Amino acid sequence: MHLAATTAAPATPPSPPHTGGLLALIPGTAGLLTVAALGIALLLVLIIKVRLQPFVALLTVSIAVGLAAGLSVTELFGTVQKSDAVSLIETGMGGILGHVAIIIGLGTMLGAILEVSGGAEVLSARLLRLFGERREPLAMGLTGLIFGIPVFFDVGIFVLAPIVYAAAKRSGKSILLYCMPLLAGLSMTHAFLPPHPGPVAAAGLFKVDLGWIILMGLVCGIPAVLAAWAYAAWIGKRLYVGVPQDMVDAADEAKAAVTAEKAAAGVPSAAGVPSAAGAPSHERPVSLGTVLTIIGTPLLLILLATFSSIALAPSPGRSVIEFFGHPFVALTIALLLSYYLLGIRRGWSRTSLGTVSTASLKPVGNIILVVGAGGVFGAVLKASGVATALSDTFHHVGLPVIVLAYLLSLVLRVAQGSATVAIVTTAGIVVPLVEGQSMSQAHLALIIMAISAGSIFASHVNDGGFWMVSKYFGISERDTLKSWTVLESVLSVAGFGVAAVVSLVV
């Protein structure tokens with residue numbers, strides 16, 4: 001009788017994988033959710049209130065969440081002596097940076113060569129002549145859209161702002177008519193397209209081919225930027241902001257100072273390439289076709305490789321396409337093309353090319369470390385069981401994953417200001433939600449687009465980009481909120497809307 005009763009009794013539920021830390025006080029799913037909430041709150045406090053560097057804040061929170069969720073020191077850090085113990089921090093950091101760091105590095109050097117060679121000015125000048133004075137705002141928007149692919153947002157502003165000043169001064173109209181379309185193009189490419197760190201980092205965490213990121217980035221980003229251009233035209237006609245003469249003068253002085261500094265250091269400038277003796281030699285102007293070829297080559301190669309894996313059967317030809325279309329190879333080809341077409345063929349020395357490339361890598365160290373720390377955060381969430389608890393809870397809410405991803409990224413963006421932090425943090429939380437669901441690469445790419453869209457919503461006073469736009473174009477804080485902040489929100493909502501609709505059929 002006792003044996004039968006024992007046999008019939010329900011089995012004891014399995015204990016959670018970890019029971020230490022905060023779970024000793026609040027066990028099970030409730031404790032794990034509490035750890036997640038406290039971890040995100042701590043991250044926001046460290047970044048917003050304490051002003052801690054985001055890399056340090058993410059690493060600190062990752063360790064705190066791991067310990068609170070019951071992970072051992074050995075699990076987090078491994079052991080001092082060689083053993084089979086695997087450090088979550090090392091694997092989390094290395095797993096994401098092994099993919100992301102190479103792409104960011106190659107893309108950054110490519111953008112620097114295009115910038116220093118004067119490719120951006122050639123591109124914008126040709127578009128301005130092509131579209132004429134009446135359509136100059138559209139030309140500025142296309143300039144931002146095309147030039148924004150290989151360069152970072154702030155670099156695009158620095159290089160292209162003088163062109164905006166000149167167009168607005170010539171027309172006598174509000175500078176918003178010219179700078180807002182430009183900013184929309186730069187912001188869209190920065191949020192949605194490789195080789196920018198946000199989408200590349202998310203692709204690495206979700207293990208999605210960059211070809212799908214490029215395709216879905218264009219599918220979602222182009223309608224979004226068209227909506228933003230429409231708002232830019234509307235607000236530019238209703239809110240007059242004059243050309244800031246002090247910024248025009250400062251830009252001219254800065255450009256002259258940079259040219260002189262490069263000449264002294266032996267670095268080529270758009271006006272000329274210093275020779276071995278230090279005197280600038282004549283440079284042939286960059287052609288528009290050359291700029292478009294260099295920018296378009298890696299995108300085309302990556303897309304061809306992505307679709308060859310779908311349309312072609314395994315064969316030597318497909319292997320060749322996939323080799324040249326691998327992001328590492330495609331970006332290396334584009335960089336070598338830029339070295340030759342924009343540098344060596346126009347008189348640059350190998351020393352000058354090396355100097356420009358090396359100098360361009362200095363600012364990306366912070367970005368790479370933040371992305372790596374985001375990988376650590378995701379690894380800790382997964383290993384501790386926090387990610388599983390979040391996954392179960394979110395599934396019970398009933399909202400689609402793509403909506404949850406957008407809202408979470410949006411909240412993190414508005415709260416702490418950094419788009420990159422919002423993307424890598426959200427990705428770390430959302431990746432476990434899609435594991436085991438057999439989602440296609442295309443659908444996962446759309447979820448990444450939703451995260452990217454959320455990460456640019458409502459740029460305001462806690463975002464460095466807000467102050468860059470305000471001060472560089474001489475816009476008051478109130479008018480920046482009316483123009484730039486709303487423009488970013490239009491980009492965000494429109495981009496997410498397209499991603500959500502397309503996800504219903506992909």
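**Why is it called that? Labels in a predicted model**

Biologist: Arg 413 and Asp 463 are both buried. Why does Arg 413 count as buried?

Modeller: Buried means under 20% relative accessible area, exposed means over 50%, and partly exposed is what lies in between (1.4 Å probe, protein chains only). Arg 413 has a relative accessible area of 4%, so it falls under the 20% limit and gets the label buried. Keep in mind that this is a predicted model: local features need pLDDT of at least 70, side-chain atom pairs count only at pLDDT 80 or more, and totals for chains, interfaces and linings use all residues. Residues are numbered from 1 along each chain as its sequence is written, and side-chain values use heavy atoms, with hydrogens and water left out.

Biologist: What makes Arg 413 and Asp 463 a salt bridge?

Modeller: The rule asks for a side-chain nitrogen of Lys or Arg within 4 Å of a carboxyl oxygen of Asp or Glu. For Arg 413 and Asp 463, the closest N and O atoms are 3.1 Å apart, so the pair passes. This pair links distant parts of the chain, 50 residues apart: Arg 413 belongs to helix H19 (residues 401–416), while Asp 463 sits in the loop between helix H21 (441–454) and helix H22 (464–472). As for the word helix, helices (H or I, at least four residues) and strands (E, at least two) are DSSP runs, numbered from the N terminus.

Biologist: Which other residue forms a salt bridge with Arg 413?

Modeller: Glu 488 does, with the closest N and O atoms 3.7 Å apart. Here too distant parts of the chain are linked, with Glu 488 in helix H23 and Arg 413 in helix H19, 75 residues apart. Salt bridges that share partners put Arg 413, Asp 463 and Glu 488 in one network. Glu 488 is called buried because its relative accessible area is 3%. In total, the structure has five salt bridges.

Biologist: Arg 318 and Glu 322 form one as well. Why do these two get different burial labels?

Modeller: Arg 318 is at 17% relative accessibility, so it counts as buried. Glu 322 has 28%, which means partly exposed. Both lie in helix H14, four residues apart, about one turn of the helix. Their closest N and O atoms are 2.9 Å apart.

Biologist: Ile 321 is in that helix too, right? What makes it part of a nonpolar surface patch?

Modeller: Yes, Ile 321 is in H14 (residues 316–325). Patches take residues with over 30% relative accessible area and no salt bridge; like charges are joined within 9 Å, nonpolar side chains (Val, Leu, Ile, Met, Phe, Trp, Tyr) within 5 Å. Ile 321 comes in at 32%, so it is partly exposed and also over the 30% limit. Together with Leu 300, Leu 304 and Leu 312, it makes a patch of about 340 Å². Such areas come from the Shrake-Rupley method with a 1.4 Å probe; for residues, only the protein chains shown count as cover.

Biologist: How do you know that Ser 452 is in contact with Ala 191, Phe 192 and Ile 423?

Modeller: Contact means heavy atoms within 4.5 Å, and those three residues meet that rule once neighbours within four places in sequence are left aside. Ser 452 is found in H21, and at 0% relative accessible area it is buried.

Biologist: What about Ala 494: which residues does it touch?

Modeller: Ala 224 and Ala 227, not counting residues up to four places away in sequence. Ala 494 is in H23 (residues 477–503). Cys 220 is 274 residues away from Ala 494 in sequence, yet their C-alpha atoms are 7.9 Å apart.

Biologist: And the whole chain: how much of it counts as buried?

Modeller: 53% of its 506 residues. The chain has 23 helices and two strands. It exposes about 21500 Å², with carbon and sulfur atoms supplying 68% of that. Among contacts with a separation of 6 or more, 78% involve residues 24 or more positions apart.
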